[in-house]
Structures are given as structure tokens and as C-alpha cells.
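Here is a quick note to help you find your way around this one. Have the sequence and the model open side by side while you read.

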Amino acid sequence: MKRVHITTPIFYPNAKPHLGHFYTSVLCDVQNRYSKLGKFNNTKNITKFTTGTDEHGMKIQNAALKANLDTQKFVDNLSLTFKELCSKSNIQYDRFIRTTDSDHVIEVQNLWNMCKHDIFLDDHAGWYSISDETFYPAIHVRELINGKLVPLDSAVDYSTADASRTFINTETNNNVIFFKEKNYFFDLKKYKDKLIDHIIKNPEFIQPSNYRTNLLNTLKSEQLMPLSVSRPTKRLEWAIKVPNDSSQSVYVWFDALCNYMTSIGSLNKIKDTSSTESEFLRNTTHVIGKDIMKFHCIYWPMFLMSAGLPLPKSVFVHGHWVNDGVKMSKSLGNVVDPLEYIEKYGSDSLRLAVLSHSNLTEDNNFSDSYVSESRNTVLVNKLCNLISRSSKKFNPKPAVEFWQPIFKENQGRITEDLYESFDGHFKDSETIKIALKDIEYNVNWLVNHYETSMEKFEYQKVIGCLINLLNSGNSLFQNAEPWTIKDTNLLKQRDLVLFLSLEVARIFCVYASPIVPEITSNVLKALEVPESETLDISFGKLGAGSVYSKQSKKGVSLLTRVNDEE
Ligand code: ME8
């Protein structure tokens, strides 16, 4: 039994959540549900899945001011919208952390004290983006004059520039302001070689590998100037105070990254290497968008090294959802509201849609049709219709009672004589046999590749195989035409078709349960599949109870089509 910790970034509650937040959260929820499933080798993990909101900093302070609301009230309201998204999307976290939680405030100050030997006070002059909560070097800054971006003049003192002038950071196209003040700094350079060494020796630390290569190149080539980790309190009031110096407030990213420890437990417990908290920290998987790699793959490991704590196991990085090639973001206002789709198509459909049409390494364009296709084509036409066709007109109970013991005896395999039993009795036994072979092929793929694909977040591959499995189950049913069989000598063969069709549905539901938890859990209950056997693939696990029988009026409530025009 292993303890694993899975985290989403904690999101800025300066506006309602959008599809990007939904996406990262679903990636994590699927991993968490998968980790909790009993594996083929019967090991189960104890998991801690944490998410939450990043509530301090100038960005939030300014947004509250603009909304003319007390800052605490402002974050209380918006934080609830992120919680609501989780509950409506079936995102089952163990802790929803808010950086204004009282235990977190204490842990940030504890972490600061543990890193104190690498922190010093100094003068600071630089270009700050409130939207990114980051300083940028002058070389990436331009002044917007008459619609043109003009490079800065190194001879000019920009600290006196009046507020009406506009400066832009060319990396993110967000506005920047010149600040000249005293800040505390963290000495990044000191940990550069150690971090490079760690990344090289632990290929699983940053995944997928394209992001790892990019980060290594950046890390090797950059000078790594000291990182400013505080702001004067007179400029940033909405923040945690630096221990023993209330004139300075902790930089929002130092505060935010520390959530990954608070959400496990107190630093005192984490420090004890024999504690369960320490085991959770060592087995942490962070899932993040590529926009915040620098913070998670450079700053965070360096803070941990400084505090003498173990590094997380891995950081999985994903690309962005884009609209006409531009990243969806709150500040650009080009976002998709996940709740609109969940209301219309259900959360399973949106989960399946984003996971079918994305992989971690690429940016992805979103289309409405992905969600309706997931609902109507996959969940309704392929899954629910297969269950309905094989159990509504017929009573599947005798089929299960007859075939289940035979499959058990055969160790859940489709034997050669089962193939042969279709010969001569069915109109098109060759096509039936091809469908049966496809069922076997897809089931074998799952046995051999499911675990590794899930662990690498390659959900798209798994979904591809699961859909092929449903296609082969439907093809078996369609070509065998069980509804035409009246000859009593052929009833066992007809029942075999019903039994295999429902087995295909059961296997789909077992393996798709982390991805589409709502419909699969309903179907598995109706198929009376015992909990403890959830990842056992062998045929014959179908429960002998009613699946969807009109006669008994019991059964699963299956999904119906949603009209796209509504
Ligand atoms: O950066 N496509 O919060 P944030 C895919 N508070 N994912 C997207 C996305 C998009 N278009 N837009 C956002 C912060 N995301 C900090 C994090 S963690 C210690 C502090 C997702 O509200 C993606 O995971 O801007 C991205 O990294 C995160 O939301 C940024 O959310």
C-alpha cells in the first residue's frame, strides 16, 4: 500500500473558473480515481487529492477593489464558484485549500523560517506584471507609443514615469509597472547545479519529456538572478506578513507553492521522514499548465532544497486550451464556461470530451461538437444502446446464469470452441468472429497497456481503445441479430451474444470509471459487479441480477440523446 498525493495548481479566484481550470482538475481527478482502483496485482493506493484557491496578492487585491468589495468577501464568493465547479464535475478532492486558511498562514511562515538562511534584504528595481504576479527583465519590456511597441531607453529613469504611460512585457503581452523598493530575495543560484543534477538523474521528475528538455535548456542557460520573495506591505496589504518584519509581505508565489505542504499536514510532521505526511510529500504528483512551469520546476524544488525537504516525485505539464490559437484566459475574456456544458450535456460528457481531444504535449482548440459527440455518439449510441439492446428486449438473467460458470471454468477466456459455436447457425458467422477477435484484441490491450498509459496521463490512448471495444461489442450484436433467433436449439448461442455484449459494457465501465464516473458507477451497480473485483478483466464477472429488464422494472437509468439545437 502506497501513499500518493495529487495536486492541481491552486487557482486565482479573481474571476469564475473556465475550461482550463476544469481541464487540469479533471486530469487530476482521473489520476486520483485510477490510483484508488485495485490494480491487477491487487495493490491499492491511499491517495490525497488536493485543489483550492490562491487568494493573496496584488492581482486579487486590485480585482476586489475594482468590484468595490471587501477583499475577504470577494475571495469568499469566488472561491465558492471553484468549489461548485468541483461538485458539479464530480471532482472528488480530499482537501480544498484556501491560502487564507489559518493553518496555511502558519505553514508559510514556518517555511520562510526554514529557508531563512538563503533569504536576504536588498534594494530592488524592476518591471512587475500584476496579472502574472512576476518581475520581468527590461529586455522583454516595450513602451506602447502611438500603437507601436518601442524598446526601452537604458539612459532613462522609468521610476518617475507617470501612470498614464503603458508598458508591456512581450513574453505574455501583459502590462508591467516599474517598481523601486526594498524586497527580500531568495538565492536561486545556490541550488542551480543541484537541481540540474536532480532533473537529469530523475527523468520522471518533469513529464512529458518535451517540457523536461525545454526546462533543462532554460535552467542551464539562465543566470538565475536572486528571486524577489517579498513586497513592501504598504504596496501589498493583502498578503501573509514576513515573520518578524511586518513591513514586508510574502510574495504570492512563495505563499501559493507552500499550499502543497499545508494540504498534506503541518511542516513539523512533514519534517519527520518516518511520518505518513513525509511519505505523501515524496510521492507527490503536481499537474500544471505549461504557463507555470518555472514556478513548479525551478522555484518550488529550490525552496524545498533550502528547507531540507524531499522533492515531489513528478510534475506533469500540459498544454493550453486555445481559442483561434490564443490561450483561453480570464484577462482576455475568451473563455469557455464549463458549467454551461455540464448543465446541458452532463459532467461525464464534458470530461470525456476534453480528455478525448487533448494530450499533454499540445495546445488544443475547443469545439462544441466534442461535447455533443461524447454524449450522443459515445455514451448514448455506443454504450447505453448496447446495454439497452442486450437487456431490454431479452431477460439477460438466464444468459448470465448459464454462461458465467462456463467462463469461470475457462479462466475468463474466449476459447476456440466458443468461436466455432457460431459456425453454421448464424447468417454471417465470419463477421461475428471478426468482432469477437476485436473484443479480445482490445481487452488484451487494456491488460497490457492500461496501467502504464494511465500513469503517464495518456488518457487519449485509453479512451481510443475503450471506444474500439464498444465498437466491437456493437458489431457482434448487430451481426449476430439475436432478435431474429427463435429456434430453441440456438438459444444458448443467442444468450452468448447477450452475455458477451453485457460483458463488453462491464469491462468498458470498469476501465472508464475514472474518466466518466457517473454513468459507469450506475451501470456497474446495475450489473452487480462486486467492488473488490473492479480491475479484474476476465470474462464472466457479470452479476446474475437484473440489468435492465422491463419485466422486473429494475435497472440502470441509461442516458438519452441531447438535442444540439436546444
Ligand atoms: O497560475 N488551458 O492560477 P490561475 C489549460 N494561482 N489550462 C489552463 C488554461 C488554459 N487555457 N488557463 C488556465 C495560477 N489553466 C496560480 C497557480 S499554484 C501554486 C498557483 C490552468 O488561476 C492551468 O493548470 O492562473 C494553469 O496552470 C492554471 O489553470 C493557472 O491558473
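1. Before anything else, a word on names: helices and strands here are DSSP runs, numbered from the N terminus, with at least four residues for a helix and at least two for a strand. Keep in mind, too, that you're looking at a predicted model.

2. Start with the ligand. There are 21 residues around it, and the ones that come nearest are Pro9, Gly20, Thr24, Asp54 and Gly289.

3. Which elements supply at least two residues each to the shell around the ligand? They are strand 1 (2-11), helix 1 (19-36), helix 7 (252-257) and strand 15 (284-289). Helix 1 gives the most, with four residues.

4. As for the make-up of that shell, eleven of its residues are nonpolar, seven are polar and three are charged.

5. Now zoom out. The domain assignment splits the chain into domain 1 (2-116 + 253-345), domain 2 (118-190 + 205-228) and domain 3 (367-539). Taken over C-alpha atoms, the centres of domain 1 and domain 2 are 24 Å apart.

6. Have a look at where those two meet: 19 residues of domain 1 are in contact with 14 residues of domain 2. On the domain 1 side, helix 2 (58-66), helix 11 (293-306) and strand 16 (314-318) are the elements that give two or more residues. Helix 11 has the largest share there, six residues.

7. By class, the side of domain 1 that touches domain 2 holds eleven nonpolar, five polar and three charged residues.

Notes. Residues numbered from 1 in each chain as written. Predicted model: local features only at pLDDT ≥ 70, side-chain atom pairs only at ≥ 80, totals over all residues. Near = placed C-beta within 6 Å. Nonpolar A, V, L, I, M, F, W, Y, C, P; charged D, E, K, R; others polar. Domains from an automatic or database assignment. Contact = placed C-beta atoms within 7 Å.
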